[in-house]
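User: I'd like to learn how to read the surroundings of a ligand and the burial of a helix. Could you walk me through it?

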Amino acid sequence: MQLFGFVLLSLLSVVRAVVVPAVDSSGHFHSPLALEATPQGKNVTINGILTYVTLPKGRFDPSIAVLLLTDIFGLPSPDNLVLADQWAAAGFATYVPDYLNGDALPMGGNITAWAPNHGEAQTTPPLLAVVSALKARGVKQIATTGYCFGGLYTTRLVQNNTITVGTMAHPSSLDVPTDFQRIKAQSHVPVEINNAELDTGFTPVLAVETDGVLDDGQYPPGYFRRQFNGVGHGFAVRANASEPVQVAAKQGAFDSSLAFIKKHLE
Ligand SMILES: *[C@@H]1O[C@H](CO)[C@@H](O)[C@H](O)[C@H]1NC(C)=O
Ligand SMILES: *[C@@H]1O[C@H](CO)[C@@H](O)[C@H](O)[C@H]1NC(C)=O
Ligand SMILES: *[C@@H]1O[C@H](CO)[C@@H](O)[C@H](O)[C@H]1NC(C)=O
Ligand SMILES: *[C@@H]1O[C@H](CO)[C@@H](O)[C@H](O)[C@H]1NC(C)=O
């Protein structure tokens, strides 16, 4: 069985890559790393939106928040919640809004049927509802970390100067180079990208094209990209604990995003 398969869909003439989940013989999603940990946070409602909130164990600065934007498997996937816990353990109050409106793609679900109900029109309002609630609560700096589907929304928040710093891993649905040209033209938000050598959506070729827009000092707010070899789409969210390359890449992506965020927060 393939842990990381890919479906490449051409919808609305942009590249959309999705992960096909590993499903065990009983039909349950299986991710070795997530199975080792139990989510530590809790679900709360923020401005009407279900949000998984996970806080550092010790003291933390409540004026800073990490906003984690999930893949299409959303809050029901323990991988996403355990990843959020990793951000909390790094010292940040971390918020994971259910911008899939209670309709995360179920394991084995039909992405073609699902996708039209999860365009920007449906996804942006719950996302911005949580962002504005955080700001109203006194959060002054928001660091966004987006994965797959969440990479598109991280990009939008960067383009719209809504956040302080944005990081993304194996983003999907981006229009390259247009989305990055828009960042260069109108944003002051630093951007970091972790991409996978074997990603068939945001490919190494598109990653290099992105560098052509933002790298080498062309984007003064800050840009950093790191490619992880031997792994595919989804690697920053799910890793097979028996595969050292996958485990190292997942941790490496986290470390790279964390270092970038720390560098760009005040
Ligand atoms: C994880 O990796 C091991 C070792 O390569 C392999 O035997 C196993 O099938 C993989 N698990 C999944 C769920 O892909
Ligand atoms: C939060 O809600 C999601 C989606 O309903 C659910 O799958 C998850 O188990 C909940 N997590 C906790 C910690 O309550
Ligand atoms: C998935 O959904 C699409 C669009 O609704 C439909 O055309 C297709 O037959 C479905 N595929 C499966 C395997 O059910
Ligand atoms: C970003 O701004 C555009 C243009 O105003 C808007 O259409 C879009 O909904 C915004 N997206 C986000 C995620 O803020």
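Analyst: Happy to! To sort residues by character, count Ala, Val, Leu, Ile, Met, Phe, Trp, Tyr, Cys and Pro as nonpolar, Asp, Glu, Lys and Arg as charged, and the others, Gly among them, as polar. Keep in mind that this is a predicted model.

User: Which residues are around ligand 4, and how do the residues of its shell divide?

Analyst: Thr124, Leu128, Arg156, Leu157 and Asn160 surround ligand 4. Their shell divides into two nonpolar, two polar and one charged residue. Asn160 has a polar side-chain atom 2.3 Å from an oxygen atom of the ligand. Of the 360 Å² of accessible area that ligand 4 has on its own, the protein covers 54%. Two or more shell residues come from each of helix 4 (120-136) and helix 5 (149-159).

User: Now for burial. How many residues of helix 2 are buried?

Analyst: A residue is called buried when its relative accessible area is under 20%. By that cut-off, nine of the 12 residues in helix 2 are buried, and the helix is mostly covered. Among them are Leu81, Val82, Leu83 and Trp87, along with Asp79 and Asp85. Across the protein chain, 56% of the 266 residues are buried.

User: What does helix 2 reach from its first C-alpha to its last, and what comes just after the helix?

Analyst: Helix 2 runs over residues 78-89 and reaches 16 Å, close to the 16 Å expected at 1.5 Å a residue. Just after it, Gly91 adopts a positive phi of about 110 degrees.

Definitions and conventions
Residues numbered from 1 in each chain as written. Chains lettered and ligands numbered in written order. Predicted model: local features only at pLDDT ≥ 70, side-chain atom pairs only at ≥ 80, totals over all residues. Heavy atoms only, no water. Near = heavy atom within 4 Å. Polar contact = N/O pair within 3.5 Å; in protein donor to acceptor, adjacent residues only side chain to side chain. Areas by Shrake-Rupley, 256 points an atom, 1.4 Å probe, with all protein chains shown as cover. Helix = DSSP H or I, 4+ residues; strand = E, 2+ residues; numbered from the N terminus. Buried < 20%, exposed > 50% of the residue type's maximum accessible area, 1.4 Å probe, protein only. Expected span 1.5 Å × (residues − 1).
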